[in-house]
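I'm opening a fresh page for this one. The plan is to start with the whole chain, then poke around inside.

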Amino acid sequence: MAAMKFSELIIPTLREAPADAEVASHILLVRGGFIRRLASGSYNWLPLGLRVLKNVERIVREELERAGAQEILMPVVQPAELWRESGRWDVMGPELLRLTDRHDRDYCVSPTEEEVVTDLFRRVITSYRQLPCNLYHIQTKFRDEIRPRFGLMRAREFIMKDGYSFHLDEESFEATYAAMHACYSAILTRLGLDYRAVEADSGSIGDGESHEFHVLAESGEDEIAYSPVSDYAANIEKAEAVSLPGDGSVEPIQRTHTPGAKTIEAVASFLDADTTRCVKTLIVHADSEDPGLVALVLRGDHQLNEAKAGRIDGVRRPLEFASQGDIEATLGVGIGSIGPVGLALPVVADSSAAAMSSFVCGANVDDYHYVGANWQRDVTGEVRVVDIRNVVEGDPAPDGSGPLKFLRGIEVGHIFKLGTKYSEAMSVAVQDASGRDVVPIMGCYGFGVSRMVAAIVEQCHDGDGIVWPDAVAPFGIHIIALNNTKSAEVQAVAERLHHDLQAAGLAVLFDDRDDRPGVKFTDADLIGIPNRITIGERGLRDGVVELRRRDESDVRRLSPDAVVEAFAKTP
C-alpha cells in the first residue's frame, strides 16, 4: 500500500472558498487540493482527488464483475453516421459537441455510447449462445451544458461508467435489469451513503421503464417524491399525480370582464376566488402543422410537468411552448385569456383539472374570463385526460399508502429499459436456436463516477472540511508530526510509524512539513482522511501518541508500539 509524505505531494490547500463555488463539494474539493478548474465545467484531478476517483472506480468495477458484466473500452470520438443511423444526430440538441476531421467527416464527442456499443455488438456477436451479454466501460464523456455549475456535480466533461446488455427475451432482460439494480444498490451501500432508488423518466435515451439512484442531500438538483410508509419513490419528473376530486358543485356560466388580469394569481385576486377554483391553459406546438397547436389545461395551483407533457401523443418532441405571435395568429387572443370553452384546438386536461365541475378560465377574448365553466356542459370538443402535472407534497401516493413527502437527491446512477429502440433502428439481429432472426432487447446502465465523488462530499462533510468514508478516502491514516523539524524524537517515531503502517498494507499520508501545528490540524480537517495519528513531544514524554477518527471527538492514547496492531483492520 502507498505511503506518502505531504511535502512530496501536490496538495494546494486554500483557506478561502473559490469565488465561483456555490455548494459544499465544489468548495471543499477545491480548498482541499483535490481538483482545480481548467475551463467552465472542466477540471484537473490532483493527486488526492485522483486517489478518491480511483477508489470509486475500484468499487464500481468489483460490484459489476460480481454481477457478471464484462469491461471493455470504447472511443471518446464517435462517427456521425452511427448517430444518423439511430436517428439521434438531428434529435440531440446543443449538448452534443459536434466536430469534423480534416476530410470534413462529421463526428461527436461522446455523451453516451448506445450507438457505438450496438455497432460493436453487431460486429462481434455471432451466436445466440453468446447471449445474454452485459458490457460496460468507464470513460470520459462530454455534454455541452448551457450553464455548468456546482463543480463536479454539473460539469461538461466528466467520467462515467456506462453499461449495456443484450437479450433474446424479456425474461433474460428482466433478470439482468434486477441484477444491475442490486449492483448499484451494493455500490452505494459499500460507500456507506444514504440513498434512494426511484422511478424515473427515460428522457431521450430510453424507451421504457427506468430507475434513478440518488444520494440524498439538500444540495441535490432533483426532487424526489416518496411515501414514508411504503417503498414508493419517484423523481418529480416521473411521480404519478393522483387525480384530486372536485367539489361537485355546478354553477351557471358567466363571462366577466377582467381588465389587465393575465396570471392565475391576478385573476383569482380580481374575482376573489381561490387559485384551486381556476384553470390555466398553456399552448404548445403539435407534432403536425394541422392545427399546429395543442392546449394543455391544469388546475390553477398546479405546475406543468414538462417531461410528462413531452410524452403526449400529438405534442412536438422536445416540448416547445408557442410564442405570443403564434398564439395571436392562430387564436386571435393573447396569453392570459385562453380557456377550453369554445377553443378550436385539441385539448389535453390534467386529471385533477378534468375533475373540476365548476371553474374559472379564460374566455378566449382579451381581458375576459368565464366563471362557473363546466366541462360536460360548456366544452364541446374532445378532451383527453392525462396526468401532466407535478405532484406536490401531501398528494396521495399512487400505491394508496398515504400522503407523499419530498426529499432532494443527487442523481448518481440511472438504469434504463431500452427495448429494441437502438437494435431495431440499427438493423441488429441474432439467430436463435431455431434459426429465426431475433432483434435483441437492450438495457442501459449509467453511473456517474466523477459526480459520485462530489455526491459523497455533499453528504459527508462538516464545518471544518470533508469526512471521507473509509472505502474511498485518499488515505486511510494521516500522521501529523508536531514540531518534527525541531524534535528528533518526534521525527524518528513518525518515520517509524510511517514505515511500519505501510509495511502492514495500510495507505498512509505523513505530514512532515515544517509548519505550525494549527496549519497541520486545519489541513487535516479539510482533507478529511478518516484516521489521524498525532505525534508530539508532550505525548512522547508520557510514552503515547494520540489516535482520533475524523468523524469522532474521542481521542485514544496508545503506545507507539501498539499503533500498527490498532490499525490492522483499517482499510
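**Entry 1: the whole chain**

I looked up burial first: of the 571 residues of the protein chain, 52% count as buried. Note to self: this is a predicted model, so every value here is computed from it. I then checked the secondary structure and got 16 helices and 31 strands. For the overall dimensions, the C-alpha atoms fill a box of roughly 95 × 65 × 50 Å along the principal axes. I also asked how far along the sequence the contacts reach. Among contacts between residues at least 6 apart in sequence, 69% join residues at least 24 apart.

**Entry 2: the nonpolar cores**

Which residues touch the most other members of the largest nonpolar core? I found Met452 and Trp468, in a core of 60 residues. I picked Trp468 and listed its contacts, skipping neighbours within four places in sequence. Some partners have much lower numbers, namely Leu29, Phe34 and Val52. Val453, Ile456, Val457, Ala473 and Pro474 are on the list too. The rest of the list is Ile527, Gly528, Ile529 and Pro530. Apart from this core I found another one, of 23 residues, with Ala295, Val297, Ala353 and Ala373 among them.

**Entry 3: following Ile529**

Ile529 turned up in the Trp468 list, so I went there next. Where does Ile529 sit? I located it in the loop between helix H14 (517-527) and E29. Is Ile529 buried or exposed? Its relative accessible area is 3%, and the cut-off for buried is under 20%, so Ile529 counts as buried. Leaving out residues up to four places away in sequence, I see Ile529 touching Trp468, Pro474, Phe475, Gly476, Ile477 and His478. Leu509, Ala524 and Arg550 complete that set. I also took one distance out of curiosity: Ile529 and Leu73 are 456 residues apart in sequence and 32 Å apart in space, C-alpha to C-alpha.

**Entry 4: Asn531 in E29**

I moved on to strand E29, which covers residues 531-535 and holds Asn531. Asn531 has a relative accessible area of 6%, which is under 20%, so it is buried as well. What does its side chain join up with? I found a polar contact of 3.2 Å between the side chains of Asn531 and Arg549.

**Entry 5: the second largest pocket**

Next I looked for empty space. The second largest pocket holds about 380 Å³. I found 23 residues lining this pocket, and those nearest its centre are Lys262, Lys280, Thr281, Leu282 and Gly336. Helix H6 (264-271), strand E15 (279-285) and strand E18 (359-362) are the elements that give two or more residues to the lining. E15 gives the most, with five residues. I sorted the pocket lining by type and got 12 nonpolar, eight polar and three charged residues.

**Entry 6: one cavity**

How many cavities of 30 Å³ or more does the structure hold? I found one, and the largest cavity has about 30 Å³ of space. Its lining is made of Met153, Glu221, Asp222, Gly409, Ile410, Glu411 and Arg451. Strand E21 (residues 405-419) supplies the largest share, three residues. By type, I get two nonpolar, one polar and four charged residues in the cavity lining.

Notes. Residues are numbered from 1 along each chain as its sequence is written. This is a predicted model: local features need pLDDT of at least 70, side-chain atom pairs count only at pLDDT 80 or more; totals for chains, interfaces and linings use all residues. Side-chain values use heavy atoms; hydrogens and water are left out. On a 1 Å grid over the protein atoms alone, a cavity is a set of points where a 1.4 Å probe fits but cannot get out, and a pocket is an open set with protein on both sides within 12 Å along at least five of seven lines; lining residues have an atom within 4 Å of a point. Grid points are joined across faces, edges and corners, and a volume is the space filled by probe spheres set on the points. Helices (H or I, at least four residues) and strands (E, at least two) are DSSP runs, numbered from the N terminus. Ala, Val, Leu, Ile, Met, Phe, Trp, Tyr, Cys and Pro count as nonpolar, Asp, Glu, Lys and Arg as charged, and the others, Gly among them, as polar. A nonpolar core is a set of buried Ala, Val, Leu, Ile, Met, Phe, Trp, Tyr and Cys residues joined through side-chain atoms within 4.5 Å. Buried means under 20% relative accessible area, exposed over 50%, partly exposed in between (1.4 Å probe, protein chains only). Contact means heavy atoms within 4.5 Å. A polar contact is a pair of N or O atoms within 3.5 Å; within protein, one must be able to donate a hydrogen and the other to accept it, and residues adjacent in sequence count only if both atoms are side-chain atoms.
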